[in-house]
Amino acid sequence: MFGLLVAQNIAFYVIAALIVFGALRVVTCKNLVHAALWLVLVLAGVAGQYILLAAEFVAVTQVLVYLGAIVVLFLFGIMLTRAKTGHDLELDNPTPAKVGAGVIGVLLLGVMGYALWDAWRGQELGDIVVQRTAEVSDSLFSTYLLPFEVISVLLLAALIGAIVLARRD
Amino acid sequence: MLGGDPLLSGDIDLAVVLIVLLKVVVVFALLLVATMFMIWWERKIIGDLQNRIGPNTAGPFGLFQTFADGVKFFFKEDLLPDRAQRRVFILAPLLTVVPAFLLFCIVPFGGDFANGANGTVELFGHETYLQLADPPVGILFALAMSSVAVYGVMLAGWSSGSKYPLLGSVRASAQMVSYEAALGLSVCAVVLTTGTLSTHGMVVHQAGDGWGSFIPNWNLLAAGIVPFVVFLIASQAELNRPPFDLVEAEQELVGGYHTEYSSIRFALFFVAEFMNSVTMGAIIVTLFLGGPAGPAPWGPGWLWGVGWFLLKLLVFLFVFVWIRGTLPRVRYDQLMDLGWKVLIPISLGWLLVLATFHVARDQHWNGVVVALVGAAIGLTFFGLLRFAIATSKARRLEGVVD
Amino acid sequence: MLAHLASFAWDAPSVDLHALAPEIVVAATLVVVLVIDAFTGEEQRWAASSVAGIGLLVALVPVATLAYDGATRVMFGGGYVVDDYALVLKALFLLSGYVVVLLSTNYIAEGDYWEGEYYQLLLASVLGMMVMASARDLISIFVALELLSIPAYMLAAWRKRDLKSDEAGVKYYLMGVFASAVMLYGMSVIYGYTGSTLLAEIAPRIGELVTSEPIITLGIVFVLIGFGFKVSAVPFHTWAPDTYEGAPTPVTAFLAVASKAAGFVALLNLIYVGFWGRHDVYEPLMWVLAALTMTIGNLIALRQTNVVRMLAYSGIAQAGYILAPLAIAGSSPEAADQALHSIVVYLLIYAAMNLGAFAVVMAVARKTRSAEIDTFGGLFSYAPGLTVAMSLFLFSLAGVPPAAGWFAKIGIFQALASAGDTSGYVLAVVVAVNSVIAFAYYGRLMRVMWMDDVPDGDTTPIRVPTSITAALVITAAVTLVIGVVPGVLTHFTDPINLLALGR
């Protein structure tokens, strides 16, 4: 079991590094479609981390929803509205804004990183419990029944509004 | 963690790793050979359907035609259009092929399921299933991969830097996203019937005897015929195969998203398309026709499993080609109407019907009453839907909305 | 396989349909409006607003029966609670939703906007607010927040052909989702630390610490900041003026009243039930937010020339007053009780007076086609009724008796004083100073209406449609009656108690 844990740790760090790199590229990329593709890498990396945590259902849902639907719609929107293939300088902010954002980002990273490290340092995850899909659905239809139903109204409303806003009149 | 395969439940030693590697190689080879065969099969059958001969020169019955084509593609000039986005252009064909391969990982292609056996096979002293992976969320993985497959098409069209490919890819992604809903809902019906998401579990569930103990307990019957039909139609749209091949409608779009591709990159698209056809056939067999389950009168049971699987798959590959050879291409609005106004309501409605019957059985309600009430409600909603569609059509004709 | 499935222990949750009846009625109304819209032609478009209005009123019936019953109903292990507090606020949301429907009827029909869909989204948003009033679980709170916000984003952009409206929608949307993301991160941290999404289970776990851990502080601050956006607290208010100005006026009224109230409801739920023990974290945060919000809101409101923008900034300032009691809520149970009551009372009164003010602005804008302050010049000479009503609402907003606002303000002062410490007194002084500043711009509008000349000499009377008249009558009556007899309101708000659940 020891070997498996080491392998898990290595995989975690490799994927985490990929995610961080991808996330940086998302914001530094000068091309909208490339940025979306880096985002795909980030989201896929997150799915990989879920698999490492034995949450297969969450991982597959992540792929299905984020990669398969949301980013596809991003790309779809980009292609339908502004099918610019080259670099896009409008995506860039003036330097002061960049510096400000950088400072705030580093500060946030410091604060959040410290808080997380402080709260969970030295704690071990213990044995990873395999999460069964049936358990997810059980809690979805008992404890979280009401939010689940509310979400259906939310999706209906979003659908109605999106159609109205998008269509010609 | 890696699924229900008994191979991975014990200690993992070198032999286990080797077995997994062996399975990877076998699955890979099987899929490649099947794809090459599929291309030949499609051309041959289409030839027969159109009173032509089809490929007949390379090898017996022209069997090596695909191989010859492949060699030819390999030696052609690799063109990179001037206005293309280089990296994405190169990436796109790979993004099409990889999901096609991954999709096949979860298909059980053999094993002994006769007489209550659960499909395990003894391999070098280890028990295992004849499928590369059996994750507990197997069929969701298949759906995820088929939704990821959109990327290849989409990026190919965008990165070509030319308008026909772009139009083709926009069409393709809209179409694939639309039909995924119907596809997913019909899979839901199967999941509801079998009570598992694992593909192996589905096959085990279907291996038992159904009605009258001689009809197989296939989901084709157990889940009703409707999910099967919906899945078959939606899968053709998902594969961008005729009659839903608007993506590459030659009259309108030259070649569709891969117009600018040539040489080996084009070959990758070409191969991925047929590979997806094979995989989709295999998934239909797994979902609705019991996969490798079937009687094993004599000899090794696992070989019978492989045989049954291949036979069922072959039937579907023929059906795919048959559909292609028979039906004319639909118009784009018809395509969307079919997806959103017919397939999705039907599969959703059928899912509710199935759920109702499950609840009724658990609660011991009177089956006849449930059927009558269900039919009444179903008809009401069918009427409402027709009415709504008619109203929207009337409004469109009035010019109130467009 | 099926037998295998059946072996999983699964308890069907007990669903109290009576407790959920108000929500169910609103959801059903939404579906009815949807179906009517799908099956009828152009001529029956009026049906949508009527059905929506009737549905909101019908939903008040179960609210009343539940209030009469009086029992606190707890569902889903404490994740959804229907008590007096929730019922009072549900009634508030339903009534303000109804008034907004009244305000919208003519505006939407005459502007040739999408009608049925408008009311569907409005109903969905009201439903989200009602769920929020009862939600005592991080997931329910988040889902309710999204249900009330997402339709509102789209309603803000409902005048599609107007760039200002588009700007309003996009700004509101971007700021809103950003706030949601921040809040969600905070929630995930809190869930990670406590291992529960139920506020009642979170409270003891973060309350037992002697001093707050950094991670808890971070989580609480992020969650509260997320709602700070919703209630447009400074410095998270930047979206509000542009959104209020660009959105269709009834939607602006809805955002300024119902949506803001829902944000406060969420803050109350979170602070009183979940974060109660951590007053060392939320009190300073709320103190700063409250002081900044009222001061900056008032100072900018002074310089506005547009009535809607002025009301927007005045709404920001009012949000500061409402936030103020939260800054002392943790000092003692009595102070907490005072603070809770003062906030709920303020929300109820604020809804009436602000909706009323918007109703007058809409009525006037029907003639002048503008909401600039100058266009209100000499309003008294040709529309005395509207002028008197507007004066009533402005008095109320400024806190002058006999309009209801004074009672709300007194409640705030009482709550701030009840803590008995310096921070409470200092904040009370800040509130007092700000109330004086606010007189300046309310008074300016009043002067323009009563004393100035009509800008272009056009003194043809304003024809006020029945629905707006109805809205004006309702809001003016509420404002006046509560101002004169506050007991009418305290009769409903006195039994409110949130702390009992957290303990």
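Q: What makes Leu386(C) count as a contact of Val360(C) in this predicted model?
A: Two residues are in contact if their C-beta atoms, placed from the backbone, lie within 7 Å. Leu386(C) passes that test with Val360(C), and so do Ala389(C), Met390(C), Phe393(C) and Leu472(C), once neighbours within four places in sequence are left aside.

Q: Why is Val360(C) called part of a nonpolar core?
A: A core is a set of buried nonpolar residues joined through C-beta atoms within 7 Å, and buried means 20 or more other C-beta atoms within 10 Å. Val360(C) sits in the largest such set, which has 217 residues, and is listed with those having the most contacts inside it, alongside Leu103(C), Met132(C), Leu147(C), Leu347(C) and Ile349(C). Helix H15 of chain C, residues 333-368, gives the most to this core: 24 residues. Apart from it lies another core of 123 residues, with Phe109(B) and Met176(B) among them.

Q: What makes the side of chain A that touches chain C mostly nonpolar?
A: Just look at the split: 20 nonpolar, 3 polar and 3 charged residues. The contact takes 26 residues from chain A and 32 from chain C. On chain A's side, H6(A) brings the largest share, 13 residues.

Q: How do you know which part of chain C the predictor is unsure about?
A: pLDDT is the predictor's confidence in each residue, from 0 to 100. Chain C averages 87, and 97% of the residues score at least 70. Residues 1-7 of chain C, though, are below 50, so confidence there is low on that scale.

Conventions: Residues are numbered from 1 along each chain as its sequence is written. Chains are lettered from A and ligands numbered from 1 in the order in which they are written. This is a predicted model: local features need pLDDT of at least 70, side-chain atom pairs count only at pLDDT 80 or more; totals for chains, interfaces and linings use all residues. Helices (H or I, at least four residues) and strands (E, at least two) are DSSP runs, numbered from the N terminus. Ala, Val, Leu, Ile, Met, Phe, Trp, Tyr, Cys and Pro count as nonpolar, Asp, Glu, Lys and Arg as charged, and the others, Gly among them, as polar. A residue is buried if 20 or more other C-beta atoms lie within 10 Å of its own, exposed if 12 or fewer, and partly exposed in between; C-beta atoms are placed from the backbone.
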